[in-house]
Amino acid sequence: MQNKGVMAFGALAGGAIMYGIITFFAPAAAVDPSVQLLPDDLKLVALGKKVYDANCASCHGVKFEGEANWRERGPDGLLPAPPHDETGHTWHHPDAVLFALTKFGPGAMAGDDYQSAMPGFADVLSDEEIVASLSYIKSRWPNDIRLRHDQINQSATQ
């Protein structure tokens, strides 16, 4: 039980630190703190499933499993797509950061010399479609992970 507390604290601290780093170093318009995922909005989640299946599942997996060895750089120097289920790190990031990473791409968020296979979807998806796809992902997390993610969001806005 003590390990779960340490993991929860680590996730909260990591999420808050990542949010701080990205909002400090990213362009001011890149991170919108008002973005909120709505995993209980069934209509939005249904749209999100369609968006995810069409734009995300080919890399992140139909069941959110990600690509094999996602923590190890491939021969091209890029990290494979991480899982979006509870085994990955997606839930460690606040809503606003997830939205910005999806809209602008990790390269734009982390800096010009950061290389990533994931593109930004600003020219492909509307803001509503991005929120819908992320809401769909969150809707599939176990309740304890959703609660921890809610705590990360709360810490990021304080």
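The exercises below work through the fold, helices, core and selected loop residues of one predicted model.

Residues are numbered from 1 along each chain as its sequence is written, and side-chain values use heavy atoms, with hydrogens and water left out. Local features need pLDDT of at least 70 and side-chain atom pairs count only at pLDDT 80 or more, while totals for chains, interfaces and linings use all residues.

**Exercise 1. Confidence**

Task: state the average pLDDT of the protein and find a segment where pLDDT stays under 50.

Solution.
- Step 1. pLDDT is the predictor's confidence in each residue, from 0 to 100. The protein averages 84, and 80% of the residues score at least 70.
- Step 2. Residues 11-29 form a segment where pLDDT stays under 50. A contact means heavy atoms within 4.5 Å; the model has 24 contacts beyond four places in sequence for residues 11-29.

**Exercise 2. Overall fold**

Task: count the helices and strands, then describe burial and contact range for the protein.

Solution.
- Step 1. Helices (H or I, at least four residues) and strands (E, at least two) are DSSP runs, numbered from the N terminus. The protein has seven helices and zero strands, which reads as α-α-α-α-α-α-α along the sequence.
- Step 2. Buried means under 20% relative accessible area, exposed over 50%, and partly exposed in between, with a 1.4 Å probe and protein chains only. Of the 158 residues in the protein, 43% are buried.
- Step 3. Take contacts between residues at least 6 apart in sequence: 60% of them join residues at least 24 apart.
- Step 4. By the Shrake-Rupley method with a 1.4 Å probe, the protein exposes about 9,200 Å², and carbon and sulfur atoms supply 57% of this area.

**Exercise 3. The nonpolar core**

Task: identify the largest nonpolar core and the helices that supply it.

Solution.
- Step 1. A nonpolar core is a set of buried Ala, Val, Leu, Ile, Met, Phe, Trp, Tyr and Cys residues joined through side-chain atoms within 4.5 Å. The largest one has 23 residues, and Tyr52, Phe99, Val131, Leu134 and Ile137 have the most contacts inside it.
- Step 2. At least two residues of this core come from each of α2 (42-55), α4 (95-104), α6 (127-139) and α7 (143-156). The most come from α6, which gives six residues.
- Step 3. Not counting residues up to four places away in sequence, Val131 touches Val35, Gln36, Leu37, Leu44 and Phe99.
- Step 4. In soluble globular proteins, nonpolar side chains tend to be buried together.

**Exercise 4. Helices α4 and α6**

Task: determine how many residues of α4 and of α6 are buried, and check the span of α6.

Solution.
- Step 1. In α4, nine of the ten residues are buried, among them Asp95, Phe99 and Lys103. Gly105, just after α4, takes a positive phi of about 90°.
- Step 2. In α6, ten of the 13 residues are buried, including Val131, Leu134, Ile137 and Lys138. Their cover includes α2, α4 and α7.
- Step 3. The expected span of a helix is 1.5 Å times one less than its number of residues. For the 13 residues of α6 this should be 18 Å, and the end C-alpha atoms are 18 Å apart, which agrees.

**Exercise 5. The two sides of α7**

Task: find where the buried residues of α7 lie around its axis, and examine His149.

Solution.
- Step 1. Ile145, Arg146, Arg148, His149, Ile152, Asn153 and Ala156 are the buried residues of α7. They cover an arc of only 160°, so they lie on the same side of α7; the arc is that of the directions from the helix axis to the C-beta atoms.
- Step 2. Asn143 and Leu147 are exposed on the other side of α7.
- Step 3. His149 has a relative accessible area of 0%. Beyond four places in sequence, its contacts include Leu37, Trp91, His93 and Lys138. The C-alpha atoms of His149 and Lys138 are separated by 8.8 Å.

**Exercise 6. The loop between α3 and α4**

Task: are Phe64 and Asn69 buried or exposed, and what is the phi of each?

Solution.
- Step 1. Phe64 lies in the loop between α3 (57-60) and α4, as does Asn69.
- Step 2. Phe64 has a phi near 65°, a positive value in a residue other than glycine; Phe64 is buried, at 7% relative accessible area.
- Step 3. Asn69, also not a glycine, has a positive phi of about 55°; Asn69 is exposed, at 53% relative accessibility.
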